[in-house]
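Please open the structure in your viewer and keep a selection tool at hand. The tour below moves from stop to stop, saying at each one what to select and what can be found there.

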Amino acid sequence: MATAGKIDRCGVTSASASSLYACPCRPYPKNLTFRPPTSKFRLGLVLNGPHRAVVRVGRSPSVSRRPLVAALAQEKSEGGEEGGVNIEVRGVGEEQQKASQLRKRVVFGLGIGFSVGGIVLAGGWVFTGALAAAVFVGAREYFELVRSKGIASGMTPPPRYVSRVCSVICALMPLLTLYFGHIDISVTSAAFVVAMALLTQKGIPRFSQLSSTMFGLFYCGYLPCFWVKLRCGLAAPALNTSMAIRWPILLGGPAHWTVGLLATLISISCIIAADSFAFLGGKTFGRTPLTNISPKKTWEGAIAGLGGCVATSALLSRLFAWPTSMLSSVAFGFLNFFGSLFGDLTESMIKRDAGVKDSGSLIPGHGGVLDRVDSYIFTGALAYSFVKIVLPLYGV
């Protein structure tokens with residue numbers, strides 16, 4: 001007689017099929033007990049025979065005997081004693097869980113998008129303060145990744161007090177950039193203070209501590225400061241569009257429309273378009289892996305993201321009438337795409353070495369702050385350099 005309930009992976013108690021059949025002369029167990037992998041994982045027992053039957057299993061650790069026995073009895077009457085019954089375990093409700101996760105991701109994504117849009121329009125201390133808060137949380141997530149088992153097993157992580165001090169220093173850098181207008185002195189001073197703290201610690205200093213901490217200052221503190229220089233530092237008026245003339249006085253009037261505001265809006269929109277088109281293109285046409293760092297990324301998705309990014313830059317440049325040259329807007333789109341892709345791959349490399357899927361769990365459906373801003377980290381520096389150096393240099 002075939003064994004009916006032996007499923008080792010989920011810990012189903014083995015039971016003979018003959019003991020499960022509805023025979024008045026043979027006792028059968030009241031319940032078929034199993035241990036699901038997680039409390040949120042719902043299962044279904046699928047009986048493969050002439051009559052396929054699915055016995056759904058909820059959060060309870062046991063299956064009621066009546067529906068299972070009835071299904072087994074029907075299989076016996078049709079298949080005979082020699083046929084036996086095979087039981088499979090199948091996930092039930094996985095599609096519902098994915099749909100719920102997608103809804104949560106969309107809702108929180110829209111909320112974040114509208115909030116960031118208002119913050120970018122406000123500019124000044126509002127923009128800088130929000131950026132400093134995001135930098136602080138992102139720095140904490142970065143140093144937690146550095147201390148994770150996957151990375152810490154091959155190197156010595158910095159002490160916790162150094163990590164916390166670095167997170168505070170990274171959050172202060174955007175504020176100092178807005179106040180002083182530059183970041184060279186603040187970054188140099190911060191690097192000196194952190195290096196001295198590591199060299200004078202009680203234990204034996206390690207080069208891995210210094211390198212991971214300095215990269216954290218560069219990655220989480222120095223690079224985001226370019227968004228402050230881009231949004232708040234480029235205050236030249238950009239009045240080529242009629243939108244600026246009709247802009248309400250209460251919201252800043254025409255003086256509100258600066259080169260920094262337009263460049264920031266276009267750059268952020270390009271990054272969003274690149275991520276969205278890359279996701280849709282990869283899901284629909286993705287076949288060729290792009291890199292081993294992130295196996296889900298494909299060349300087809302990257303090409304779709306590039307096309308969406310360049311198209312968004314060109315359309316917004318026509319809407320805002322800045323930059324005035326189509327060649328400049330296309331080049332700006334290319335630059336934003338490669339900056340966002342490089343930032344995404346860099347964070348994926350860190351998470352892969354750390355052995356985690358997300359950098360945190362602060363944002364439901366999105367993971368941590370670093371998971372949301374990884375595409376923006378390098379892009380701000382590239383966008384600022386393009387607007388500040390390339391456009392004036394070539395007169396476009």
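A residue is called buried here when its relative accessible area is under 20%, exposed when that area is over 50%, and partly exposed in between. The model on the screen is a predicted one.

**The whole chain**

Begin with the entire protein in view, where 15 helices and five strands can be picked out. Of its 396 residues, 43% are buried. If you consider the contacts between residues at least 6 apart in sequence, 67% of them join residues at least 24 apart.

**V369**

Select V369, which belongs to helix α14, made up of residues 369-373. With a relative accessibility of 10%, V369 falls under the 20% limit and therefore counts as buried. Now show what surrounds V369: leaving aside residues up to four places away in sequence, V369 touches A134, V137, G138, E141, S359, L362 and I363. One of these deserves a distance label, since V369 and V137 are 232 residues apart along the chain while their C-alpha atoms are separated by 6.8 Å.

**The nonpolar core**

Next, select Y142, Y219, W227, L230, W322 and V387, which are the residues with the most contacts inside the largest nonpolar core, a set of 64 residues. Helix α11, residues 259-285, supplies the largest share of this core, with nine residues. The core also draws at least three residues from each of two domains, domain 1 (118-233) and domain 2 (237-395).

Stay with W227 and display its contacts. Not counting residues up to four places away in sequence, W227 touches F127, L131, T264, S267, I268, I271, Y376, T379 and G380. W227 is also one of the buried residues of α9, together with C225, F226, V228, K229, L230 and R231. Because seven of the nine residues of α9 are buried, this helix is largely enclosed by the rest of the structure.

**Helix α6**

Move on to residues 160-180, which form helix α6. At 1.5 Å a residue, the 21 residues of this helix should span 30 Å, and the 30 Å between its end C-alpha atoms agrees with that. Follow α6 along to M173, where it bends by about 25 degrees, and note that a proline, P174, follows within four residues.

Which residues of α6 are buried? They are V162, S163, C166, S167, I169, C170, A171, M173, P174 and T177. To see what covers them, add to the display α4 (124-146), α7 (184-199), α8 (207-222) and α9 (225-233), which are included in that cover. Just after α6 comes G181, whose phi is positive, near 90 degrees.

From here, select G203, which is found in the loop between α7 and α8. At 39% relative accessibility, G203 counts as partly exposed. The C-alpha atoms of G203 and P159, which are 44 residues apart along the chain, are separated by 9.7 Å.

**L121**

Go now to L121, a residue of helix α3, which covers residues 94-122. L121 has a relative accessible area of 29% and is partly exposed. Apart from residues up to four places away in sequence, L121 touches R231, H256, L261 and L265. H256 is 135 residues from L121 along the chain, and the C-alpha atoms of the two are separated by 8.4 Å.

**The annotated regions and the loop between α12 and α13**

For the last stop, colour the residues that an unreviewed UniProt entry lists under "transmembrane region", namely 107-140, 216-239, 259-280, 301-320 and 326-343. In the span 301-320, which is 100% helix and 0% strand, the end C-alpha atoms lie 28 Å apart. The span 326-343 is likewise 100% helix and 0% strand, and its end C-alpha atoms lie 26 Å apart.

Finally, zoom in on the loop between α12 (299-320) and α13 (326-354), where P323 is found. What is the form of the peptide bond from W322 to P323, cis or trans? This bond is cis, with omega near -10 degrees, and W322 is already familiar as one of the residues with the most contacts inside the largest nonpolar core. A321 lies in this loop too, and the phi of A321 is near 60 degrees, a positive value in a residue other than glycine.

Definitions and conventions. Residues are numbered from 1 along each chain as its sequence is written. This is a predicted model: local features need pLDDT of at least 70, side-chain atom pairs count only at pLDDT 80 or more; totals for chains, interfaces and linings use all residues. Side-chain values use heavy atoms; hydrogens and water are left out. A nonpolar core is a set of buried Ala, Val, Leu, Ile, Met, Phe, Trp, Tyr and Cys residues joined through side-chain atoms within 4.5 Å. Buried means under 20% relative accessible area, exposed over 50%, partly exposed in between (1.4 Å probe, protein chains only). Helices (H or I, at least four residues) and strands (E, at least two) are DSSP runs, numbered from the N terminus. Domain bounds come from an automatic or database domain assignment. Contact means heavy atoms within 4.5 Å. UniProt positions are given in the numbering used here, feature names are shortened, and annotations may be inferred rather than shown by experiment. The expected span of a helix is 1.5 Å times one less than its number of residues. The bend at a residue is the angle between axes fitted to the seven residues ending there and the seven starting there.
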